[in-house]
Amino acid sequence: MTKRYLRYALAVIFFANFLSYLDRQVVSALEHQLKHDLHLTTAEFGYVGSAFTIGYMVFAPIVGF
């Protein structure tokens, strides 16, 4: 393998991992806007976050396969 290929592979893995972490943070980053737009209480927003996390946990192995 050439150094160029290894750098390319590292960049692909880095950006895939970066996007993986980024999509998990979107719900938290939009907390105030989602609570306002959807008229959610703090507890209800907690349920949304939990549902997102559980959905992510369930479907991540399927998507990964």
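Helices here are DSSP runs of H or I with at least four residues, strands are runs of E with at least two, and both are numbered from the N terminus. The model is a predicted one, so local features need pLDDT of at least 70, side-chain atom pairs count only at pLDDT 80 or more, and totals for chains, interfaces and linings use all residues. Residues are numbered from 1 along each chain as its sequence is written, and side-chain values use heavy atoms, with hydrogens and water left out.

On that basis, the protein chain turns out to have 3 helices and 0 strands, in the order α-α-α from the N terminus on. Its radius of gyration (taken over C-alpha atoms) is 17 Å, while a compact globule of 65 residues would come in near 11 Å. That yardstick is 2.2 Å times the number of residues to the power 0.38. Along the principal axes, the C-alpha atoms fill a box of roughly 55 × 25 × 15 Å. Just 6% of the 65 residues count as buried, where buried means under 20% relative accessible area, exposed means over 50%, and partly exposed is in between (1.4 Å probe, protein chains only). The accessible surface adds up to about 5900 Å², and 71% of that belongs to carbon and sulfur atoms; these areas come from the Shrake-Rupley method with a 1.4 Å probe, and for residues only the protein chains shown count as cover.

Now for a charged pair. The structure holds 1 salt bridge, meaning a side-chain nitrogen of Lys or Arg within 4 Å of a carboxyl oxygen of Asp or Glu. The partners are Glu 31 and Lys 35, whose closest N and O atoms are 3.8 Å apart. Side chains of opposite charge can pair when their charged atoms come close. Glu 31 and Lys 35 sit 4 residues apart in helix H2 (residues 31-38), so about one helical turn separates them. Glu 31 itself is partly exposed, at 24% relative accessible area.

Helix H2 is also home to His 32, which is exposed with a relative accessible area of 64%. From His 32 to Thr 42 there are 10 residues in sequence and 9.7 Å in space, C-alpha to C-alpha.

Further along, Ile 62 is found in helix H3 (residues 42-64) and counts as exposed at 55% relative accessibility. Ile 62 belongs to a nonpolar surface patch with Ile 54, Met 57, Val 58, Phe 59 and Val 63, and together they have about 650 Å² of accessible area. Patches are made of residues with over 30% relative accessible area and no salt bridge, with like charges joined within 9 Å and nonpolar side chains (Val, Leu, Ile, Met, Phe, Trp, Tyr) within 5 Å.
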